[in-house]
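Please open the model in a viewer and keep the selection panel at hand. The stops below may be followed in order.

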Amino acid sequence: MAINHATWAFIFGLLGNVISFMVFLAPLPTFYQIYKKKSTEGFQSLPYVVALFSSMLWIYYALVKKDASLLLITINSFGCVIETIYLAIFLVYAPSKTRYSTIKLLLLLNVFGFGAMLLSTLYLTTGSKRLSVIGWICLVFNISVFAAPLCIMKRVIKTKSVEFMPFSLSFFLTLNAVMWFFYGLLLRDYYIALPNTLGFLFGIIQMVLYLIYRNAEPKPLDEPTKLQELNGHIIDVVKLNTVAPSEPNHVTKSGPVTETVINV
């Protein structure tokens, strides 16, 4: 018996939920470290603020769309909860200056920014036009997220080092993009499918670069580097000399390592 498009879409969406669930939980070791040391030690709040904003956007899109949007609501609702918990922990242990800047960022992006978008789409658009506007906002935001690996790919080529671009990272990001691409394609929702096409392409390129440079002799580079984690986060790394931090995002003698998360 043939399986129809809606069933396949549900299967891919369910798999996307499972992978995205793991992605959202990936920063847990980071926050355990913050809790244990009672300090945010060079960590940045921007990633989690942006991840929360992304989840809020997709929930709004799903609520407006209504049809076949349950799987978008479930995973992004979980995203909102877990990112809020991360931010609460961050605010508790952050120094006063960092706490103030985080609150200011939350108000600017997640309260006033999202609020302005919400009110403008509610009162200035109706019906399919509203869904289209929200969809384009989500699409453009996701494209900017998926374009971020260009920075690390450039550095890998320049330094001939894959130290901060592990194969597992590229594999899981590619797999996640594949799940959500087919979910969007089968539902003919191109606001979901199109950005993930870019995510799949960049993921493949990253894996190819890893295979090319995994045994190459690395060249030291004394400039800030962008890198990604398994959870799709972007990390700003200031790496001086050739000393690498033993723990991701940790402040080392060679310089601060700060994390900037962007949700998948």
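The tour goes from an annotated overview to two helix contacts and then to an aromatic pair. Please keep in mind throughout that this is a predicted model.

**Stop 1: the annotated segments**

Begin by selecting residues 6-26, 46-64, 70-93, 105-125, 131-152, 164-186 and 192-213, which an unreviewed UniProt entry annotates as "transmembrane region". Within residues 6-26, the chain is 95% helix and 0% strand, and 30 Å separate the end C-alpha atoms. Now select residues 70-93, where the chain is 100% helix and 0% strand. Here the end C-alpha atoms are 35 Å apart.

**Stop 2: helix 3 against helix 4**

Next, display helix 3 (residues 46-65) together with helix 4 (residues 70-93). Their axes come within 8 Å and cross at roughly 155°. Because angles over 145 degrees count as roughly antiparallel, helix 3 is roughly antiparallel to helix 4. The crossing of helix 3 with helix 4 is left-handed.

Which residues should be shown as side chains at this contact? On the helix 3 side, select Tyr48, Val49, Ala51, Leu52, Ser55, Met56, Trp58, Ile59, Tyr61, Ala62 and Leu63. They meet Leu72, Ile73, Asn76, Ser77, Gly79, Cys80, Glu83, Thr84, Tyr86 and Leu87 of helix 4. Colouring this contact by class gives 15 nonpolar, five polar and one charged residues.

**Stop 3: helix 2 against helix 4**

Keep helix 4 on display and add helix 2 (residues 28-37). The two helices pack at an angle of about 25°, and their axes are 10 Å apart. Angles under 35 degrees count as roughly parallel, and helix 2 and helix 4 are therefore roughly parallel to each other. Helix 2 and helix 4 also make a left-handed crossing.

Select Leu28, Phe31, Ile34 and Tyr35 in helix 2, then Tyr86, Ile89, Phe90 and Tyr93 in helix 4, to see the residues that make the contact. By class, the contact of helix 2 with helix 4 has eight nonpolar, no polar and no charged residues. Tyr86 of helix 4 takes part here and also in the contact with helix 3.

**Stop 4: an aromatic pair**

Finally, turn to the aromatic rings, for which the count comes to 17 aromatic pairs. One of them joins Tyr60 and Phe114 in an edge-to-face arrangement, with 6.2 Å centre to centre and 75° between the planes. Tyr60 lies in helix 3 and Phe114 in helix 5 (residues 96-124), so this pair ties together parts that are 54 residues apart in sequence.

Notes:
Residues numbered from 1 in each chain as written. Predicted model: local features only at pLDDT ≥ 70, side-chain atom pairs only at ≥ 80, totals over all residues. Heavy atoms only, no water. Axes fitted to C-alpha atoms, helices over the stretch in contact; angles between N-to-C directions. Helix = DSSP H or I, 4+ residues; strand = E, 2+ residues; numbered from the N terminus. Parallel < 35°, antiparallel > 145°, perpendicular 65-115°, else oblique. Left-handed = near helix turned anticlockwise from the far one by under 90°. Contact = heavy atoms within 4.5 Å. Nonpolar A, V, L, I, M, F, W, Y, C, P; charged D, E, K, R; others polar. UniProt positions renumbered as here; feature names shortened; annotations may be inferred. Phe/Tyr/Trp six-rings, centres within 6.5 Å; stacked < 30°, edge-to-face > 60°.
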